[in-house]
Each structure stands twice: as C-alpha cells, then as structure tokens.
Amino acid sequence: MIIDYLSIHWLDILTTILGIAYIVLEYRASILLWLVGIVMPALDAWLYYSHGLYGDAGMAVYYTLAALYGYVVWKFGRKHGQREGQALLISHMRKRLYLPATLFFFAAWGATYWVLAEYTDSNVPLLDAFTNALSFVGLWALARKYMEQWFFWMVVDLISCYLYVVKGIPFKAGLYGLYTLIAVAGYFKWRKMMLLQNETL
C-alpha cells in the first residue's frame, strides 16, 4: 500500500523536498537558492503537466531560466551604495517601478489566461494564469533582492496551495501552505537583515 502510494506521488515528494530546501535558502538570502531553483522547476514542469496544470508547467520552465538570471544578478549585480565585493543589497522597490510592474502583471495574466482557455483543457485557467503572472513579477523582484517580493509570494503561495489541493497534488499543496507562512517570516527576516546592512554602509 505504501509502495503503491509512493510510486504515484514520488515526483510530488521529491520536488517538495527540493522546495523546502529552496525556501529555507531564500529565507536566509543564500545564493545557493538559485542552484536548487534550476533543478526543482525542471522536475516541476513534468509534475504539473501530468496533472493538467499547463500554466504552472510552462511557468516551471521559465523558473529554470529565471534561476540562471537570478544567480548571475546576485553574484555580479550591483546597487547604489554597494561596496566592492559586497553581496547584492536588499532594498525596497523604487516607486517608479510600481506602475510598469503592475501593467506587466495584468498583461501577463491576460495573455496566460487566453492561452490556457483557448489551447488547453485546463479547468482552472483564471487562477492558474493569475499565479503565473504574479510569479513573473515575484521572480524579478527576488532576483533584484527587493523586499516586496515577499508580498507577491504570500499571494501566489496561498492560491497555489488551494489549486494543488483541488488538483490532487497533496505534498505540493502542503509545501505551498508552508511557503505562505515562511513568506511572512521571510519578510521580517529580510527587513532585519536590511536594517543591519544599512547600518554598515
């Protein structure tokens, strides 16, 4: 019985373990999160596609590419006030970025919804498209080490938890429930790190 259960859910379990490692590394603002972020979404793409979450499957492919970008930015990127050899600074999004980020979100949501509704048999296109569009913005904000990325993930993780329950992916649903809680804790952790970092500038 247990072997049968594991044979059905092994990919869900494996990506959940990798997901826990990812969020812990993100919480600690460790650059290693991007290395896990390359492997995990490649496996997620297979998992989501097999459960009819086509938007998430496509997003997982994007995650893999975004992880490469995130690693390069965290390794070599610089912000104003950053010293030579210092890690990329945690900061707030500039106000001038809010409008383009919002416009991009709605455009991505609409485009993804249209693709899912017209070309797939997804029965949750609206929410699937929403989490994907907001994840685009969240990944960009994470790659730039903006504090606001945690707010984006709180929303994405909560809705994703619901979707995975509905779609019968229990371990991934539990993971995203945990992600929601860690996103809240992560915000306060990063805020403390940012204050300490600013004291040394």
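Colleague: In which helix is Ala117 found?
Modeller: This is a predicted model, and the assignment applies to that model. The helix in question spans residues 98-119, and residue 117 falls within that run. Ala117 is therefore placed in helix α4.

Colleague: Is Ala117 buried, partly exposed or exposed?
Modeller: The relative accessibility of Ala117 is 37%. A buried residue would have to be under 20%, and an exposed one over 50%. The value for Ala117 lies in between, so the residue counts as partly exposed.

Colleague: How far apart in space are Ala117 and Ala129, C-alpha to C-alpha?
Modeller: In sequence, Ala117 and Ala129 are 12 residues apart. In space, their C-alpha atoms have a separation of 9.6 Å.

Colleague: How many salt bridges does a search of the whole structure find, and which side chains meet in a salt bridge?
Modeller: The search of the whole structure returns one salt bridge. Its nitrogen-to-oxygen distance is 2.8 Å, and a salt bridge requires such a pair to be within 4 Å. Side chains of opposite charge can pair when their charged atoms come close. The answer is one salt bridge, and the side chains are those of Asp44 and Lys172.

Colleague: Which helices hold Asp44 and Lys172, and how many residues apart are they?
Modeller: The side chains of Asp44 and Lys172 meet in a salt bridge. The pair links distant parts of the chain, with Asp44 in helix α2 (residues 33-50) and Lys172 in helix α7. Both Asp44 and Lys172 are buried. The helices are thus α2 and α7, and the separation along the chain is 128 residues.

Colleague: What is the relative orientation of helices α6 and α7, parallel or antiparallel?
Modeller: Helix α6 covers residues 149-166 and helix α7 covers residues 170-199. They pack with their axes 7 Å apart, at an angle of about 165°, and their crossing is left-handed. Angles over 145 degrees count as roughly antiparallel. The orientation of α6 and α7 is therefore roughly antiparallel.

Colleague: Which residues form a nonpolar patch on the surface with about 330 Å² of accessible area together?
Modeller: One member lies in helix α1 (residues 2-27) and is partly exposed, at a relative accessible area of 42%; this is Trp10. Residues in such patches need over 30% relative accessible area, so the value for Trp10 meets the cut-off. The patch is formed by Trp10, Leu14 and Trp46.

Colleague: Where does Ala29 lie, and what is its phi?
Modeller: Most residues other than glycine have a negative phi. Ala29 is not a glycine, yet its phi is positive. With a relative accessible area of 15%, Ala29 is under the 20% cut-off and so counts as buried. Ala29 lies in the loop between α1 and α2, and its phi is about 55°.

Colleague: What is the phi of Lys145?
Modeller: Lys145 lies in the loop between α5 (125-143) and α6. Its relative accessible area is 6%, so Lys145 is buried. Although Lys145 is not a glycine, its phi is positive, at about 60°.

Colleague: What distance separates the C-alpha atoms of Val72 and Phe136?
Modeller: Val72 is located in helix α3 (residues 54-76) and, at 44% relative accessibility, is partly exposed. Along the chain, Val72 and Phe136 are 64 residues apart. Their C-alpha atoms are separated by 17 Å.

Colleague: Is Ile3 buried or exposed?
Modeller: Ile3 is found in helix α1, and its C-alpha atom is 25 Å from that of Pro41. The relative accessibility of Ile3 is 69%, over the 50% cut-off, so Ile3 counts as exposed.

Key. Residues numbered from 1 in each chain as written. Predicted model: local features only at pLDDT ≥ 70, side-chain atom pairs only at ≥ 80, totals over all residues. Heavy atoms only, no water. Patch = residues over 30% accessible without salt bridge, like charges linked within 9 Å, V, L, I, M, F, W, Y side chains within 5 Å. Areas by Shrake-Rupley, 256 points an atom, 1.4 Å probe, with all protein chains shown as cover. Helix = DSSP H or I, 4+ residues; strand = E, 2+ residues; numbered from the N terminus. Buried < 20%, exposed > 50% of the residue type's maximum accessible area, 1.4 Å probe, protein only. Axes fitted to C-alpha atoms, helices over the stretch in contact; angles between N-to-C directions. Parallel < 35°, antiparallel > 145°, perpendicular 65-115°, else oblique. Left-handed = near helix turned anticlockwise from the far one by under 90°.
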